[in-house]
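Visitor: I would like to learn how to read a structure like this one. Where should we start?

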Amino acid sequence: METTVDVNHIFPERITVLDQNLIAVTKSLGRSDPQSLIAALIDELGRASAKAQYLTAPITSASKLQTNKHHLYLLKDRESNGGMGLAVGFLKVGYKKLFLLDQRGAHVETEPLCVLDFFVTEHLQRHGYGLELFNFMLQHKKVEPVLMAYDRPSPKFLSFLEKHYCLKNSVPQVNNFVVFDGFFTNRSAAHLRKVPPKKLDGEIKPNSLTQRRAVREEQRALLWPLCCPAAPPFSPPLSVSSPCSPSRARQCPNPALAPAAAPGGYRGPAPNPPLIDSLDYRVKRTSQQGLVARGNLYSRYINTRGFGLLLETQQNTFKLPGLTPVLRERD
Ligand SMILES: CC(=O)SCCNC(=O)CCNC(=O)[C@H](O)C(C)(C)COP(=O)(O)OP(=O)(O)OC[C@H]1O[C@@H](n2cnc3c(N)ncnc32)[C@H](O)[C@@H]1OP(=O)(O)O
């Protein structure tokens with residue numbers, strides 16, 4: 001990405017690892033880190049990534065990086081941009097506590113390293129930069145791609161994973177993360193914890209006024225008319241050549257350019273997002289099978305008997321009776 005920023009000055013290394021402090025994890029000798037320039041560059045890259053993925057808002061920004069324990073790998077090309085260097089792309093990863101379904105459909109609690117955002121400047125894609133970034137991250141984190149989870153991977157990213165790491169068949173999930181065959185089998189038992197059988201269904205009563213308001217919002221959210229075609233309860237096994245249910249595809253500026261829906265749901269903007277802003281929650285319907293609550297924590301609620309919604313705050317969990325929760329943390 002061409003900027004007026006002297007990328008070579010800020011980032012002496014070809015790949016820089018940035019953390020919460022917005023400073024290079026491996027600091028260069030005698031150089032200060034001009035935080036505001038770094039922040040501006042990250043924001044710019046985050047916006048470009050969001051645009052490339054048809055997102056309404058960036059997943060990556062300096063402020064988000066500062067408030068999460070993520071690592072952002074930033075790749076530059078030293079020679080470009082009149083010798084000032086060019087930010088070619090970035091890869092953002094972080095650990096997430098996830099409730100996933102194993103091959104037999106059992107809930108398993110995991111905390112894998114997840115790919116959260118990945119972007120290479122448009123005109124430099126398919127030149128091997130993505131692979132360079134990804135391999136660097138694998139070495140830095142000492143992890144194998146099959147043991148990672150992927151947050152709503154785009155079709156390009158799915159193609160990338162298949163081509164470079166032979167990751168093709170996914171294990172169906174009800175959340176937006178994609179994991180592949182081998183995720184459960186290659187992982188030591190210490191990293192997997194079976195989720196205990198659920199308690200008897202019933203409403204968990206909120207204690208505080210704010211929490212009660214959250215429940216009211218939740219119930220109002222359920223009244224929205226359902227208008228989208230139904231999606232299957234589980235995303236089908238992944239095949240890059242035959243991406244899953246079109247009902248999970250999101251709106252694109254130009255329908256002809258719309259990416260095929262991916263397992264876990266491609267992260268494009270949602271059609272007609274009905275938002276309720278309350279208590280940091282934005283609640284929206286994603287399909288007839290489930291509703292998504294966005295807030296500090298994000299959760300979705302699906303089972304074979306119907307629809308449901310589960311809101312989780314730092315303190316409490318609210319749920320409607322009769323359904324099985326599937327939880328996922330959000331940034
Ligand atoms: C969890 C998430 O982060 S999902 C978001 C992923 N990011 C995006 O979709 C943003 C737009 N895409 C990109 O920025 C890039 O294409 C990336 C990051 C996915 C891959 O980076 P690149 O530098 O292009 O990858 P690299 O050159 O190492 O590998 C190329 C392979 O990636 C895949 N790929 C890259 N670009 C494309 C494309 N336009 N169409 C289809 N496949 C593509 C292909 O498998 C390609 O191999 P091929 O050229 O033989 O078909």
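**Reading a helix, a lysine and a ligand site**

Guide: Start with helix 2, residues 35-52: its 18 residues reach 25 Å from the first C-alpha to the last, close to the 26 Å expected at 1.5 Å a residue. Keep in mind that this is a predicted model.

Visitor: Which residues of helix 2 are buried?

Guide: The general idea comes from the helical repeat. An α-helix has 3.6 residues a turn, so residues three or four places apart point the same way. In helix 2 the buried residues are I38, A39, L41, I42, L45, G46, A48, S49 and A50.

Visitor: What covers the buried residues of helix 2?

Guide: The cover includes three strands numbered early in the chain, strand 1 (15-18), strand 2 (71-77) and strand 3 (86-95), together with strand 6, helix 1 (7-10) and helix 3 (62-66). Just after helix 2, Y54 has a positive phi of about 60°.

Visitor: Strand 3 is part of that cover. Is K92, which lies in strand 3, buried or exposed?

Guide: Judge a residue by its relative accessibility, with under 20% taken as buried. K92 counts as buried because its relative accessibility is 1%. Its side chain has a polar contact with the side chain of T60, at 3.4 Å.

Visitor: How many residues surround the ligand?

Guide: There are 25, and the closest are F118, S154, S159, K163 and R267. By residue class, the shell divides into ten nonpolar, eight polar and seven charged.

Visitor: Which polar atoms of the protein lie by oxygen atoms of the ligand?

Guide: Separate backbone from side chain. On the backbone side, a polar atom of G130 is 2.8 Å from a ligand oxygen, and a backbone N or O atom of L131 also lies 2.8 Å from an oxygen atom of the ligand. From a side chain, a polar atom of S154 lies 2.5 Å from a ligand oxygen. As for cover, the ligand taken alone exposes 960 Å², and the protein buries 87% of that. Strand 6 (113-120), helix 4 (129-141) and helix 5 (155-165) each give two or more residues to the shell.

Visitor: And the chain as a whole: how many helices and strands are there?

Guide: The protein chain has six helices and 17 strands. Of its 331 residues, 53% count as buried. To see how sequence separation enters, take contacts between residues at least 6 apart in sequence: 62% of them join residues at least 24 apart. The chain exposes about 15800 Å², with 54% supplied by carbon and sulfur atoms.

Note on methods. Residues numbered from 1 in each chain as written. Predicted model: local features only at pLDDT ≥ 70, side-chain atom pairs only at ≥ 80, totals over all residues. Heavy atoms only, no water. Near = heavy atom within 4 Å. Polar contact = N/O pair within 3.5 Å; in protein donor to acceptor, adjacent residues only side chain to side chain. Areas by Shrake-Rupley, 256 points an atom, 1.4 Å probe, with all protein chains shown as cover. Helix = DSSP H or I, 4+ residues; strand = E, 2+ residues; numbered from the N terminus. Nonpolar A, V, L, I, M, F, W, Y, C, P; charged D, E, K, R; others polar. Expected span 1.5 Å × (residues − 1). Buried < 20%, exposed > 50% of the residue type's maximum accessible area, 1.4 Å probe, protein only. Contact = heavy atoms within 4.5 Å.
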